[in-house]
Amino acid sequence: MTMTRVLMLLLTCCLLTGVRAQTGSPKQPHVNPEDREVDMNSPTFVPTMKVGKTLLDGDSALFMDLSNVYVYPPMEITSSKQQKAYSRLVRNVKKVLPIAKECNQIIIETYEYLQTLPDKKAKDTHMKLVEKDIYQSYKPRMKKLTYSQGKLLIKLINRECNSSAYDIMKAFLGPIRSGFWQAFAWTFGASLKKEYDAEGTDRLTERVVLLVEAGQL
């Protein structure tokens, strides 16, 4: 048993109703973030520019909505060890940030979908049906992450979802099972209750995340 199981349970909760029993058009070819080669010289997210019209003083006016641009003072790196640590952080953020965003999107879809079901029994039945599919789909994906990437993913899920991994699990699995997995994570030096601290201990990570989101890294 490794931290892979903790991540699997977490992602099961995040994505529990993401795979729904429905038919539709065939899926387009998709490459999972963990399968992509990280290019340190190319942006992970492409900067966007939207052009439109708005009403201004009774007349129409063109406007452009651009991606944020962040300007930071140069990094103070004084050793090769620090450079390697920073490069590893950038690489890991590029690898797992798309997964955290994927989780957030499916949580939103999950909530909306569950509201369409008539009662708790229907919701529980549906969740049990898809849980097996989620394990089959995400277990091999999670195995591709390193231990440090797994811990970072837990934090970035907290950043994207505004809830700790523990709170997400508790909402889907209840307090007893979520408490068990918190204890299990603790034995591997992780905590599902760990919150993302953008102004404190995760300040450097937040800088990297913002630059990656803006397409500057």
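Modeller: Helices (H or I, at least four residues) and strands (E, at least two) are DSSP runs, numbered from the N terminus. Read along the sequence here, they give the pattern α-β-β-α-α-α-α-α-α. This is a predicted model, where local features need pLDDT of at least 70, side-chain atom pairs count only at pLDDT 80 or more, and totals for chains, interfaces and linings use all residues. Residues are numbered from 1 along each chain as its sequence is written, and side-chain values use heavy atoms, with hydrogens and water left out.

Colleague: How many helices and strands does the protein have?

Modeller: There are 7 helices and 2 strands. Match that count to the pattern: the β-β step is where β1 and β2 sit.

Colleague: How many bridges join strand β1 to strand β2, and which way do the strands run?

Modeller: Two strands pair if DSSP finds at least two bridges between them. Here 8 bridges join β1 (residues 49-56) to β2 (residues 59-66), and the strands run antiparallel. Use the partners to fix the register. Lys53 stands opposite Leu62 of β2. Leu56 has Asp59 as its bridge partner in β2.

Colleague: What does Asp57 do in the hairpin of β1 and β2?

Modeller: The hairpin has 2 residues between its strands. Asp57 takes a positive phi there, near 55 degrees.

Colleague: What share of the 217 residues counts as buried?

Modeller: Start with the classes: buried is under 20% relative accessible area, exposed is over 50%, partly exposed is in between (1.4 Å probe, protein chains only). By that rule, 39% of the 217 residues are buried.

Colleague: How many residues of β2 are buried?

Modeller: The number is 0 of 8, so β2 lies largely in the open. Take Phe63, placed in strand β2. Phe63 has a relative accessible area of 37% and is partly exposed. Now look across to Val51, which lies in strand β1. Val51 reaches 57% relative accessibility and counts as exposed. Phe63 and Val51 are 12 residues apart in sequence, yet 5.8 Å apart in space, C-alpha to C-alpha.

Colleague: Which residues form the nonpolar patch on the surface?

Modeller: Patch members have over 30% relative accessible area and no salt bridge; like charges are joined within 9 Å, nonpolar side chains (Val, Leu, Ile, Met, Phe, Trp, Tyr) within 5 Å. Areas are Shrake-Rupley values with a 1.4 Å probe, and for residues only the protein chains shown count as cover. The nonpolar patch consists of Met49, Val51, Leu62, Met64 and Leu66, with about 570 Å² of accessible area together. The elements giving two or more residues to this patch are β1 and β2. The largest share, 3 residues, comes from β2.

Colleague: Is Met127 buried or exposed?

Modeller: Met127 is buried, at a relative accessible area of 12%. Its place is in helix α3 (residues 120-143). From Leu114, Met127 is 13 residues away in sequence and 9.5 Å away in space, C-alpha to C-alpha.

Colleague: How many salt bridges does a search of the whole structure find?

Modeller: A salt bridge puts a side-chain nitrogen of Lys or Arg within 4 Å of a carboxyl oxygen of Asp or Glu. The search finds 6. One of them joins Asp202 to Lys155, with the closest N and O atoms 2.7 Å apart. Asp202 lies in the loop between α6 (175-186) and α7 (203-213) and Lys155 in helix α4 (residues 147-161), so the pair ties together parts that are 47 residues apart in sequence. Both ends are classed by accessibility: Asp202 is buried at 5%, and Lys155 counts as buried at 18%.

Colleague: With which residue do the side chains of Arg159 meet in a salt bridge at 2.9 Å, N to O?

Modeller: That partner is Glu206. The bridge links distant parts of the chain, with Arg159 in helix α4 and Glu206 in helix α7, 47 residues apart. Glu206 counts as buried at 15% relative accessibility. Shared partners join Lys101, Arg159, Glu160, Glu206 and Glu213 into one salt-bridge network. Within that network, Glu160 also bridges Arg159, with the closest N and O atoms 2.7 Å apart. Glu160 counts as buried too, at 16% relative accessibility.

Colleague: Over the face of which residue does Lys101 lie?

Modeller: A charge sits over a ring if NZ of Lys or CZ of Arg is within 6 Å of the ring centre and within 35 degrees of the ring normal. Lys101 lies over the face of Phe45, 6.0 Å from the ring centre.
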